[in-house]
Amino acid sequence: MNSLEDPLWENCRLDKAAKEQLDFDGHYAFPGVLNHPTQKRLTEALAAIEDLRKDEARFEGPKPIHMYAAEYNEYLASLVAHPQLLKLARDTLGDDIRYDHTVTLNRHPGSNGAGWHSHGYAEDDPSLGFVRIFFYVNGFEASDSALKVVPGSHHYRDAEISAGLKDEDLRENWLAGKRHPLSGEPLRIEKLVAPPGTIILMWTHAAHAVTSRISTDSTRWTVVYAYRNPGRESGARQISEAFEANPPDGAEGLMSLY
Ligand SMILES: O=C(O)CCC(=O)C(=O)O
Ligand SMILES: [Fe+2]
């Protein structure tokens with residue numbers, strides 16, 4: 001299935017103001033931009049990944065399946081080099097980029113969410129960026145598998161906000177005394193909402209967490225595509241040798257580590 005010509009959205013552009021906001025806060029949301037055909041195809045692809053995960057050992061490809069999701073689903077693979085997605089990544093990172101991973105983040109009823117953490121890349125070299133582009137296909141409401149952020153936290157480029165902290169622990173152990181380096185305001189926790197079809201860009205060093213899935217009758221369907229400037233090892237990279245050797249259409253030149 002080659003989907004490179006099907007638009008993902010009509011209007012989702014990281015203009016100068018949006019880029020400045022992304023750089024200031026560490027994240028930037030485009031509420032409800034994914035068009036309906038894309039929402040439908042993504043939901044089907046993400047449900048197919050969940051089906052495969054029920055019997056993961058049976059499959060020969062790389063594991064865990066949800067962290068190599070593009071390698072298990074043609075539609076997800078086709079988006080790696082979708083021109084609209086690549087433009088968004090290049091408007092964020094500049095021209096020289098590499099693909100890093102496609103991870104599904106589906107959250108079933110009762111899922112526990114995730115405590116506070118950040119992710120790493122080139123902590124000592126701010127010229128090397130790493131952006132994660134989340135597709136919140138059916139969105140989320142406040143307090144129902146909602147993404148929480150700390151605007152400005154990415155400026156610290158701290159990859160070691162220890163995984164799993166609760167809000168109180170983050171306040172006591174990491175936020176205490178820290179200020180936004182540009183505004184001087186104390187750092188604080190913010191909870192986001194996302195209508196269906198929302199895309200959120202996030203610099204990888206931003207502190208984030210996810211609340212539990214409260215809904216009892218529906219899964220939150222989400223997938224993240226990550227891109228970075230080449231230059232360092234990437235601990236997050238999930239690309240098998242076979243996938244690198246046989247990349248999706250248009251992704252030639254994006255797959256290598258360096
Ligand atoms: O599930 C989410 O919304 C975010 C999960 C997360 O922490 C991540 O992908 O880094
Ligand atoms: Fe995370």
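## A core residue to start from

Let's begin with Ile200, which is in contact with His27, Ala29, Phe134, Tyr136, Leu147 and Ala194, leaving aside its neighbours within four places in sequence. Please keep in mind as you look around that this is a predicted model.

Ile200 also belongs to the largest nonpolar core, which has 65 residues. Within that core, Ala69, Phe135 and Ile200 are the residues that touch the most other members.

## Around the ligand

One of the contacts of Ile200 is Leu147, and Leu147 is also part of the shell around ligand 1. The other residues surrounding ligand 1 are Leu105, Ala114, His208, Val210, Thr222 and Val224.

Which strands each supply at least two residues of this shell? They are β8, covering 208–210, and β9, covering 222–228. By class, the shell around ligand 1 holds 5 nonpolar residues and 2 polar ones, with no charged residues.

## Strands and their partners

Strand β9 also pairs with β2: the two run antiparallel and are joined by 6 bridges. If you would like a place to find this pairing on screen, look for His101, which stands opposite Ala226 in β9. Strand β2 spans residues 98–104, and 7 of its 7 residues are buried, so the strand is largely enclosed by the rest of the structure.

Elsewhere there is an open sheet of 4 strands, with antiparallel pairing and the order β3-β8-β5-β6. Its edge strands are β3 and β6, each of which pairs on one side only. At the β6 end, the pairing with β5 (residues 147–149) is antiparallel and runs over 2 bridges. Here Val149 has Glu190 in β6 as its bridge partner.

## Helix α4

Is the buried part of α4 spread around the helix or gathered on one face? First, the residues: in this helix, which covers 83–93, the buried ones are Leu85, Leu86, Leu88, Ala89 and Thr92. Seen down the axis of α4, these fall within an arc of 155 degrees, so they line one face of the helix. As a reminder, an α-helix has 3.6 residues a turn, so residues three or four places apart point the same way.

Several elements help to cover the buried residues of α4, including α1 (16–25), α3 (74–79), β4 (130–136), β7 (198–203) and β9. After α4 comes Gly94, with a positive phi near 90 degrees.

## Helix α5

Helix α5 takes up residues 167–175, and its buried residues are Leu170, Trp174 and Leu175. Seen down the axis of α5, they fall within an arc of 70 degrees, so they line one face of the helix. On the other side of α5, Glu168, Glu172 and Asn173 are exposed. The cover over the buried residues of α5 includes β3, which spans 114–117.

Like α4, which has Gly94 after it, α5 is followed by a glycine with a positive phi: Gly177, near 80 degrees.

## The loop after α5

Arg179 sits in the loop between α5 and β6, the latter at 190–191. It counts as partly exposed because it has 13 C-beta neighbours inside 10 Å. Not counting residues up to four places away in sequence, Arg179 touches Gly184, Glu185, Pro186 and Leu187.

Arg179 can also be placed relative to Gly152, 27 residues apart from it along the chain. The C-alpha atoms of these two residues are separated by 8.1 Å.

## Backbone details to check

Most residues other than glycine have a negative phi, and most peptide bonds are trans. A few places here are worth a look with that in mind. The peptide bond from Lys63 to Pro64 is cis, with omega near -5 degrees. Pro64 is found in the loop between α2 (36–53) and α3.

Two serines have a positive phi although they are not glycines: Ser143, at about 65 degrees, and Ser145, at about 50 degrees. Ser143 is in the loop between β4 and β5, and Ser145 lies in the loop between β4 and β5 as well. Which of them is buried and which partly exposed? Ser143 is partly exposed, with 13 other C-beta atoms within 10 Å. Ser145, on the other hand, counts as buried, with 28 C-beta neighbours inside 10 Å.

Technical notes. Residues numbered from 1 in each chain as written. Chains lettered and ligands numbered in written order. Predicted model: local features only at pLDDT ≥ 70, side-chain atom pairs only at ≥ 80, totals over all residues. Near = placed C-beta within 6 Å. Nonpolar A, V, L, I, M, F, W, Y, C, P; charged D, E, K, R; others polar. Buried ≥ 20, exposed ≤ 12 C-beta atoms within 10 Å, placed from the backbone. Pairing = 2+ DSSP bridges. Arc of directions from axis to C-beta. Contact = placed C-beta atoms within 7 Å. Core = buried A, V, L, I, M, F, W, Y, C linked by C-beta atoms within 7 Å.
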